[in-house]
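Biologist: Please choose one part of this model and examine it closely. I should like to know how it is built and what surrounds it.

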Amino acid sequence: MVWLIAFVCLGLVGLAGYYSGPIRAGFSLLGLFFGMVLAGPLSPLTKHLLPLLGLVHPLWQLFVPQALAFLIVLIIFIIAGSVMHRKMSVHFKYKVDEKKLIRWERLYSRLGFCVGLLNGAVYFFLIMLPIYIGGYFTAEAASEGNNPPSAQFLTKTRADLHDLKLDRLLAAYDPTPAQIYQASDIADLVLHNPLLKSRLSHYPPFLTLGQRPQFQALANDAQLLEMMDRQASLSEILK
């Protein structure tokens, strides 16, 4: 699956670079790099856009602001590349002879394909990163029952990344806070060891949480506790 995604990214984006030309493909490449660098610093600003998009759940604040900042930077560079491409096209179309125009078009398309391949490699990395992150949680929450196809895909693809040793590269750029992984480990322990539920209320960090109404409601939810006791699948618990 990993190699299939890699070939699709390189093929499609390389072909797009062939037809769009090196200027637009080059600006897109710059947009990808600057978007990844500026996604974190700009996320406090884009976080204010979440209520306008209807994303009010705290979970969205973990990654959506960075994704929005990345898209905004990328779009700006794509627009700038289109403007420069148009100026260059007008120059060669109306201000040079036909022989130079043919040579320029041939060079332009071939160089665009090369730059497009670089774009495809970056897109492949960007696609694999959320799969690497999401696969960690789906692998832990997997049960012997029927897991959702999306969870099976994430778990299997992350295992392939580990076999190819690409997970080492992705781990270096993983923006997920360590506390998220720790919370996932705790949830996994409780999910697969139902007897641990009785110890949660005595664990010091959970003492104050146990006083909040929303957590008291969870503790009194008989159906939820029953599903945890029989180690129901993650999809059932989420529903």
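Modeller: A residue is called buried at under 20% relative accessible area, exposed at over 50% and partly exposed in between, with a 1.4 Å probe and protein chains only. The model is predicted, so local features need pLDDT of at least 70 and side-chain atom pairs pLDDT 80 or more, while totals for chains, interfaces and linings use all residues. Residues are numbered from 1 along each chain as its sequence is written, and side-chain values use heavy atoms, leaving out hydrogens and water.

The part chosen is helix H3, residues 64–94; helices are DSSP runs (H or I, at least four residues) numbered from the N terminus. Its 31 residues should span 45 Å, the expected span being 1.5 Å times one less than the number of residues. The end C-alpha atoms are 45 Å apart, which agrees.

Buried residues of H3 include Val64, Pro65, Leu68, Phe70, Gly81, His85 and Phe92. Among the elements that cover the buried residues of H3 are H1, helix H2 (22–46) and H4.

H1 and H4 also meet elsewhere. Together with helix H5 (149–163), each gives two or more residues to the largest nonpolar core, a core being a set of buried Ala, Val, Leu, Ile, Met, Phe, Trp, Tyr and Cys residues joined through side-chain atoms within 4.5 Å. H4 supplies the largest share of this core, seven residues. Apart from it lies another core, of six residues, and here Phe70 returns, alongside members including Leu29, Leu32 and Val122.

Terms used: Contact means heavy atoms within 4.5 Å.
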